[in-house]
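Thanks for making time this morning. I would like to walk through a few local features of one model, and I will try to keep to what can be read from its atoms.

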Amino acid sequence: MESGLRLLRAARQTVTGPAALLGDPVLRERTAGYLTDLTGPYGLRVPDGLFDAPSEALGQSYGEMAAELIPALVPPDEPVDLLVLAFAVHDMLPGRATAAYLSHVCPGTPMSFALCDQGSAAAFTGLRIARDYGCRRALLVTVEQSVLPYDAPVPVPARHRAVAMLYGTGTGTGTGTGSGSRDARGVRVTALRQHADVGASDVAALAAAEVRELTAGRTDVAVVLGADLAAVWPGPGGGAVTTGPERQPSTGVWWALLDRLTADAARPRPVVVADYEPGLGYLSVAALAPAGRSEPVGERGADERAQPLVRLRSADGDPDPSAW
């Protein structure tokens, strides 16, 4: 069933170095104490002196990463009703109410949620919340960072990355430059499904069945897979399948989706996006279909109509495998 949501705009970013906020020595000291208190009961240790000075060993602030993308997607005269922040690895300022902060800096001061503890399923859950919330515009931001100040039991992501996607219902009239209704056609979200308690031995067959059902025998549908699902994918290969970068469990499949949409901009086609969270047994699948434009514009002013759906910012190359 079609959700009514359309992907209007998207932006992504790779970030290097530590969070700017950690340039403040007082904040570094407080962060070190906070993380030491949190990790101590679990037998984890924050190295002495790690927070003495800003360095590459210190990670990122999701507030900073997301706040930089918001102006690229949300003009001041196009307020957002809902903001969802999805992540798995906490950032270097875990005591901060990041979703509330982002609501403050986002036009519309939207209702905001933070989703965690769902691994790669978190962004799909965020999309489901946006669908069920019934809002006019929703901003979904997925973030991950590659540094933790203690030994983690699982590999951390390869890079600090963020993907922001603006969704809308495409109804009503815009408030941007010009008058009258705006062209609100975008990439439609036509289906969204999540399965819990999916074992590693069952996920390949279930994922293939979902893709077959959602594509209904069409041969022109692109498939975008997260790296964990791609490792067991039994379906067709070739150019129709795009795989997210390894060790980017939260942003990888969405990063790959934007690559796919960019590559298909001249001749848009339906896309099925799927990812598997092996630690929790979640399989998430979404289907999108073009809605009549090679460059969907959402509800924009006349001076914005030449802008593409996807804005790629900063260093967009995938991680160097030799650095893993």
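Let me begin with a term: when I say contact, I mean heavy atoms within 4.5 Å. Please also keep in mind that what you are looking at is a predicted model.

With that in hand, take Thr-251, which sits in the loop between strand S8, residues 241–243, and helix H7, residues 252–263. Is Thr-251 buried or exposed? Its relative accessible area is 0%, and since anything under 20% is called buried, Thr-251 is buried. If we set aside the neighbours within four places in sequence, Thr-251 is in contact with Thr-142, Val-143 and Glu-144, and also with Arg-161, Ala-162 and Val-163.

Helix H7 comes back when we turn to the aromatic residues, where the count comes to two pairs. In one of them, Tyr-62 and Phe-87 have ring centres 5.6 Å apart and planes at 50 degrees, and because planes from 30 to 60 degrees apart are classed as tilted, that is what we call this pair. The pair links distant parts of the chain, with Tyr-62 in helix H2 and Phe-87 in the loop between S2 and H3, 25 residues apart. Both partners are buried, Tyr-62 at 2% relative accessibility and Phe-87 at 15%.

The other pair is made by Phe-124 and Trp-254, whose ring centres are 4.7 Å apart and whose planes stand at 50 degrees, so this pair is tilted as well. Here Phe-124 belongs to helix H4, residues 122–133, while Trp-254 belongs to helix H7, and 130 residues separate them. Phe-124 is buried at 0% relative accessibility, and Trp-254 is buried at 1%.

Next, helix H3, which spans residues 98–105: which of its residues are buried? They are Thr-98, Ala-99, Leu-102 and Ser-103. Viewed down the helix axis, these residues fall within an arc of 145 degrees, and therefore they line one face of H3. As for what that face meets, the buried residues of H3 pack against helix H2, residues 62–73, against strand S2, residues 82–86, and against S3.

Strand S3, residues 111–115, takes us to the surface, since Met-111 lies in it. Met-111 is partly exposed, with a relative accessible area of 43%, and together with Phe-113 and Tyr-133 it forms a nonpolar surface patch with about 270 Å² of accessible area in total.

I will stop there and take questions.

Notes:
Residues numbered from 1 in each chain as written. Predicted model: local features only at pLDDT ≥ 70, side-chain atom pairs only at ≥ 80, totals over all residues. Heavy atoms only, no water. Patch = residues over 30% accessible without salt bridge, like charges linked within 9 Å, V, L, I, M, F, W, Y side chains within 5 Å. Areas by Shrake-Rupley, 256 points an atom, 1.4 Å probe, with all protein chains shown as cover. Salt bridge = Lys/Arg side-chain N within 4 Å of Asp/Glu carboxyl O. Helix = DSSP H or I, 4+ residues; strand = E, 2+ residues; numbered from the N terminus. Buried < 20%, exposed > 50% of the residue type's maximum accessible area, 1.4 Å probe, protein only. Arc of directions from axis to C-beta. Phe/Tyr/Trp six-rings, centres within 6.5 Å; stacked < 30°, edge-to-face > 60°.
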